[in-house]
Every structure is written in C-alpha cells, then in structure tokens.
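Let's take a friendly walk through this protein together. Keep the viewer open beside the text, so that you can find each residue as it comes up.

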Amino acid sequence: MAGPEGVDRDRVAELTRELLIAIGEDPDRPGLTRTPERVAEMVAEMFGGLWQDPAAPLASTISVASGPAPETQPSGAVIVRGIRFRSVCEHHLLPSHGTAHVAYLPGEKVVGLGAFTKVIDILANRPQVQERLGEQIADTIAQALAARGVVVVLDAVHQCVTMRGAQQTDSSTVTIATRGELADPAARAEIIALIGKGEG
C-alpha cells in the first residue's frame with residue numbers, strides 16, 4: 001500500500017521479488033528473504049522528493065535591514081560551499097553522489113543557510129539527471145527568494161559511468177547553472193573562483 005509520500009512499498013517489494021527470479025535467484029533463500037522489503041524502504045527514501053515542494057524550505061526568510069543599527073540592504077553574494085548530496089540517475093536507476101555549491105545575490109530577503117541543503121535534498125531525491133538538477137535548484141532559489149542572481153555548481157560521481165559501460169572509476173561530472181546578474185561571464189567567473197578557494 002502506498003505511504004503518505006506516494007511510494008507503493010508493497011508493489012516495489014513484489015517487483016523486487018520478480019527481479020530476483022528474473023536474474024535466476026531464489027528470493028526465498030535465507031540471504032534474500034527480506035531483500036524485497038529492504039528495497040521498498042530504500043526506494044521510498046531515495047525518491048521521497050517527488051512529493052515535496054522544493055521551495056518550502058525557503059519560505060521562512062530573514063530581514064537583513066531589521067536588527068542592530070544601522071539598517072542596511074544585502075548587496076554582495078552569499079556562498080554556501082560543500083553541500084553533500086546523492087541522487088539516482090533516471091537512465092539506469094544507479095546512484096550518484098557529490099558536492100553542491102550555491103551562491104546567490106539576495107534581493108530584500110535572505111534565508112537560513114541550512115535551507116539550501118533541504119532544497120537540494122528534495123530535488124535530488126527524484127529520478128534525475130545532473131544537468132536538470134542544477135537548473136531546478138537555481139530556479140527554485142531565484143524564484144522563491146526573488147534573488148538578483150544565482151549560481152549552482154554540482155560536482156558528482158555517477159555509478160552509471162564508474163560501475164558500468166565505460167567504467168571510468170575516477171570520472172566526475174561538473175555542471176553550472178546561473179541566473180540573473182550572476183549569469184554575466186565576469187560575475188560567474190568571480191563566484192566560481194571563490195568557490196574553488198574552499199576546495200582542497
């Protein structure tokens with residue numbers, strides 16, 4: 001029966017049992033008897049973002065102007081580096097994992113920095129391709145915060161590349177999504193340079 005997040009765990013378990021039979025395994029042997037249920041729980045966790053609103057973590061904003069005098073308005077970029085994420089490639093349903101870096105130019109409001117991790121988790125916990133994931137993160141931040149500019153850099157290792165096909169075990173993929181003022185080549189280059197200073 002489907003849970004509140006929409007994953008039909010019973011059906012996933014049944015399909016996993018059928019998969020085990022299809023590859024020539026015995027789903028009733030001791031090591032596999034609970035595998036269908038374990039896979040169903042894993043699937044519910046890995047794809048739970050399908051039923052969540054990625055903008056929801058950005059709804060509670062903070063006023064920079066209000067607080068100790070003097071009042072001010074945000075002007076420079078805010079950069080959050082090294083956000084770990086994992087996802088599942090929609091082409092082979094194999095995992096990927098990596099690091100996200102987010103930069104934005106606030107408008108009149110900012111948000112708690114932990115909100116970006118939640119946005120990324122929601123969007124990554126869906127069948128994805130990395131290129132789309134970065135664009136969705138950028139769109140969500142730009143729209144929900146009315147940001148003047150956004151840069152999202154994702155650097156991830158994909159098991160569909162490292163474990164099958166080409167089997168390039170040292171390969172990673174980097175994607176960049178930009179919005180607004182930070183789409184300008186010079187501004188983007190400055191942000192990416194600042195992100196790079198935090199690595200290594």
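**Starting from the inside**

The largest cavity holds about 60 Å³ of space. Please keep in mind throughout that this is a predicted model. The structure has 1 cavity of 30 Å³ or more. Which elements give two or more residues to the lining of the largest cavity? They are strand E2 (78-89), helix H4 (130-145) and strand E6 (149-158). Strand E2 gives the most, with 4 residues. If you would like to select the lining in your viewer, pick Phe85, Ser87, Val88, Cys89, Ser96, Gln128, Val129, Gln130, Leu133, Ala156 and His158. Sorted by class, that lining has 6 nonpolar and 5 polar residues, with no charged ones.

Now step back for the overall picture. The protein has 6 helices and 7 strands, and along the sequence they follow the pattern α-α-β-β-β-β-α-β-α-β-α-β-α. Taken along the principal axes, the C-alpha atoms fill a box of roughly 70 × 40 × 25 Å. Of the 200 residues in the protein, 40% are buried. The accessible surface comes to about 11000 Å², and carbon and sulfur atoms account for 54% of that surface. As for how the chain meets itself, take the contacts with a separation of 6 or more: residues 24 or more positions apart account for 66% of them.

Let's return to helix H4, which we met at the cavity. H4 has 16 residues and reaches 23 Å from its first C-alpha to its last, close to the 22 Å expected at 1.5 Å a residue. Its buried residues are Gln130, Leu133, Gly134, Ile137, Ala138, Thr140, Ile141, Ala142 and Leu145. Among these, you may recognise Gln130 and Leu133 from the cavity lining.

Follow the chain just past the end of H4 and you come to Ala146, which takes a positive phi of about 50°. Ala146 has this positive phi although it is not a glycine. Its place is in the loop between H4 and E6. Is Ala146 buried or exposed? Ala146 counts as exposed because its relative accessibility is 52%, and the cut-off for exposed is over 50%.

The neighbouring stretch leads us to Leu105, in strand E3 (residues 95-105). Leu105 and Ala147 are 42 residues apart in sequence, and their C-alpha atoms are 5.7 Å apart in space. Leaving out residues up to four places away in sequence, Leu105 touches Ser75, Gly76, Ala77, Ala147, Arg148, Gly149, Glu181 and Leu182. With a relative accessible area of 8%, Leu105 is buried, since buried means under 20%.

Helix H3 (residues 114-124) is worth a stop too. Here Ala115, Phe116, Val119, Ile120, Ile122, Leu123 and Ala124 are buried. What covers these buried residues of H3? The cover includes E2, E3, strand E4 (110-111), strand E5 (127-128) and H4.

Next, turn from the cavity to the largest pocket, which holds about 360 Å³ of space. The pocket is lined by 13 residues, and Val39, Met42, Val43, Phe47 and Leu93 lie nearest its centre. Helix H1 (9-22) and helix H2 (35-46) each supply at least two residues of this lining. By class, the pocket lining has 12 nonpolar residues, 1 polar residue and no charged residues.

One of the residues nearest the pocket centre, Leu93, sits in the loop between E2 and E3. Its phi is near 55°, a positive value in a residue other than glycine. Leu93 is exposed, with a relative accessible area of 56%.

Our last stop is Thr16, found in helix H1. Which residues is Thr16 in contact with, leaving aside its neighbours within four places in sequence? They are Thr35, Pro36 and Val39. Val39 is also among the residues nearest the centre of the largest pocket. Thr16 itself has a relative accessible area of 11%, so it is buried.

Note on methods:
Residues are numbered from 1 along each chain as its sequence is written. This is a predicted model: local features need pLDDT of at least 70, side-chain atom pairs count only at pLDDT 80 or more; totals for chains, interfaces and linings use all residues. Side-chain values use heavy atoms; hydrogens and water are left out. On a 1 Å grid over the protein atoms alone, a cavity is a set of points where a 1.4 Å probe fits but cannot get out, and a pocket is an open set with protein on both sides within 12 Å along at least five of seven lines; lining residues have an atom within 4 Å of a point. Grid points are joined across faces, edges and corners, and a volume is the space filled by probe spheres set on the points. Ala, Val, Leu, Ile, Met, Phe, Trp, Tyr, Cys and Pro count as nonpolar, Asp, Glu, Lys and Arg as charged, and the others, Gly among them, as polar. The expected span of a helix is 1.5 Å times one less than its number of residues. Buried means under 20% relative accessible area, exposed over 50%, partly exposed in between (1.4 Å probe, protein chains only). Contact means heavy atoms within 4.5 Å. Accessible areas come from the Shrake-Rupley method with a 1.4 Å probe; for residues, only the protein chains shown count as cover.
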